[in-house]
Amino acid sequence: MGLRIALIVVLVILLAGGGVAGWWVYTHRADPIPDGTPARPAAAAVTSVIKPVPPTAPAPTASGVEAQLAEPVRDKALGEFTGQVSDPLTGQTLWSSGAADPRTPASNAKILTAAAVLLTLPLDKTITTHVVLGDDGQAILVGAGDPTLATAADGTETFYTDPARISDLAEQIGKSGVHVTSVAYATPGFEGPSMDRTWDKRDIEGGDIAPLSSLMADAGRRDPLDEYSPRTDDPAAEAGRALADALGVHSKVEQVDVPTGAETIASVTSAPLSVRVGDMMRFSDNVLAQMLSVELAEATGHEPSISGGVDAVLDALRKAGFDISDVTLRDASGLSYGDKVPAAVLDRVMSATVAGDNSAKLRSLLDTLPVAAGTGTLADRFDPDENAGAGWVRAKTGTLTGVTSLTGIVQTVDGRVLSFALMSGGTSPEDARPAIDQVAGALRECGCRG
């Protein structure tokens, strides 16, 4: 009897619940579709398309550009100002002021380094760093000229893009079965002074440079993720200690020569050349610029040194047809006040990235340029509310005390791409930057056909 009552109760509950559910479905039903209503159209599909700049875009005239720039170039914050603007498609110089005068370029010198490297070396070229086995179980970390080698553990953030990692070396050594008793390091493949005599040694602590070596980790940064971190004054030893830490070896790390015929027990490979050039340009990285020039020197038969890197850069540009007779370089990064480059040379190299015999090899350089108000060293410049160049100017910055430079390209309102090189001296960069940005921004607004 009790079981029968229980079953009846359950049945009543189910019927009640079903009724409630049915009522809810009925009251929330969609309105009936009237007869003759067209079928629902397919979901819209958006296809991203990058449209090339039309080669038939109206070309500015020299008189039009001169009139457009007349006001912004008078800004006293520009100090001693030189520059050049060109139309890459025609090769015509549209505006020039003192462009033949050699001036301190600051980091605009990196444009010459990047161009020389891209003109000469394969874009997919990489650098392989090895660990070899020495006597009595000693693991020797051998430098190969890759300053982007990272100390960060696998899967963690790095400053440079897709770098080789010391943690990968340690993992390979662990899997090799070799019992490591000590760690040492070697620095073949780099000669001469580790610092140019025109550099300020205070810039090591300031984060602008580190003593150069074929073995460096995180380009010598003490804080691997901080772009402006103070650098170590002994990057090779620090890299060796990083490997020892990763292996759990706590004995003294020493510098040694690589034994003849030593067995390789681990190796890691850098990002491709094109990626490393991109990092160098976007972050205006002095160490990476210097070591790219040494890489170029080694590949072209020059001495792998600071001066050899300079010779390699200049030779590559000369062979590509650029007139560099008035260029003087002390380094490949623009850190030295002894570097002297006319604005005309910078503009010609930049123009060659857009059109001409060398454009195919140099085109990737455009991708490395910071975007005004968007990326890299231009992220906080070209206020969109005040400068029409925001988003349209792509350019390499250059800054030293009393020096401000800007070289790049801009698409005019009519769709014409112009190249430019602008160099300011004798005033504070804090004052000169907004003024030089206004000059570049004025080119964006240029119809300039008058």
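In what sense do S4 and S5 pair, and over how many bridges? In this predicted model, the two strands pair in the antiparallel sense, and four bridges connect them. One of the residues involved is His-130, whose bridge partner in S5 is Val-142. The hairpin formed by S4 and S5 has four residues between the strands, and Asp-136 in this hairpin adopts a positive phi near 55°.

The hairpin belongs to an open sheet of five strands, arranged in the order S7-S6-S5-S4-S8 with mixed pairing. Strand S7 (254–255) and strand S8 (263–269) are the edge strands, each of them pairing on one side only. At the S7 edge, S6 and S7 run parallel and are joined by two bridges; Ala-184 has Glu-254 of S7 as its bridge partner. Helix H4 packs on the sheet, where it touches S4, S5 and S8, and the direction of H4 makes about 145° with that of S8. Helix H6 also packs on the sheet, in this case touching S4, S5 and S6, and its direction makes about 150° with that of S6. At the S8 edge, S4 and S8 run antiparallel and are joined by six bridges. Leu-133 has Glu-263 of S8 as its bridge partner.

Helix H6 comprises 13 residues (residues 235–247). At 1.5 Å a residue the helix should span 18 Å, and the 19 Å between its end C-alpha atoms agrees with this expectation. The buried residues of H6 are Pro-235, Ala-236, Ala-237, Ala-239, Gly-240, Ala-242, Leu-243 and Ala-244. The elements that cover these buried residues include three strands of the sheet, S4 (128–133), S5 (138–142) and S6 (182–186), together with helix H4 (166–176). After H6 comes Gly-248, which has a positive phi near 70°.

A further position examined is Met-195, located in the loop between S6 and helix H5 (202–206). Met-195 counts as buried because its relative accessibility is 14%, the cut-off for burial being under 20%. With neighbours within four places in sequence left aside, Met-195 is in contact with Asp-200, Lys-201, Ile-204, Ile-209, Ala-210, Pro-211 and Ile-306. The C-alpha atom of Met-195 is separated by 9.7 Å from that of Ser-213, a residue 18 residues apart from Met-195 along the chain.

Aromatic contacts were also examined. The structure holds three aromatic pairs. In one of them, Phe-159 and Tyr-160 are arranged edge-to-face, at 4.9 Å centre to centre and with 85° between the planes. Both Phe-159 and Tyr-160 are buried. Phe-159 also forms an aromatic pair with Phe-283; this pair is tilted, at 4.6 Å centre to centre and with 40° between the planes. Because Phe-159 lies in the loop between S5 and H4 whereas Phe-283 lies in helix H7 (residues 273–283), the pair ties together parts that are 124 residues apart in sequence. Phe-159, Tyr-160 and Phe-283 form one aromatic cluster. Within the cluster, Phe-159 counts as buried because its relative accessibility is 15%, whereas Phe-283, with a relative accessible area of 26%, is partly exposed.

Arginine side chains are placed over aromatic rings at two of the positions examined. Arg-221 lies over the face of Phe-159, at 4.1 Å from the ring centre. Arg-444 lies over the face of Trp-392, at 3.6 Å from the ring centre.

Arg-444 is also one of the buried residues of helix H13. This helix (residues 429–444) has 16 residues and reaches 22 Å from its first C-alpha to its last, close to the 22 Å expected at 1.5 Å a residue. Besides Arg-444, the buried residues of H13 are Pro-429, Ala-432, Ala-435, Ile-436, Asp-437, Val-439, Ala-440, Gly-441, Ala-442 and Leu-443. The cover over the buried residues of H13 includes helix H2 (62–69) and the strands S1 (80–87), S10 (393–400), S11 (403–411) and S12 (417–425).

Key:
Residues are numbered from 1 along each chain as its sequence is written. This is a predicted model: local features need pLDDT of at least 70, side-chain atom pairs count only at pLDDT 80 or more; totals for chains, interfaces and linings use all residues. Side-chain values use heavy atoms; hydrogens and water are left out. The expected span of a helix is 1.5 Å times one less than its number of residues. Buried means under 20% relative accessible area, exposed over 50%, partly exposed in between (1.4 Å probe, protein chains only). Contact means heavy atoms within 4.5 Å. Two strands pair if DSSP finds at least two bridges between them. Axes are lines fitted to C-alpha atoms, for helices over the stretch in contact, and angles run from 0 to 180 degrees between N-to-C directions. Rings of Phe, Tyr and Trp (its six-membered ring) pair if their centres lie within 6.5 Å; planes under 30 degrees apart count as stacked, over 60 as edge-to-face and the rest as tilted. A charge sits over a ring if NZ of Lys or CZ of Arg is within 6 Å of the ring centre and within 35 degrees of the ring normal.
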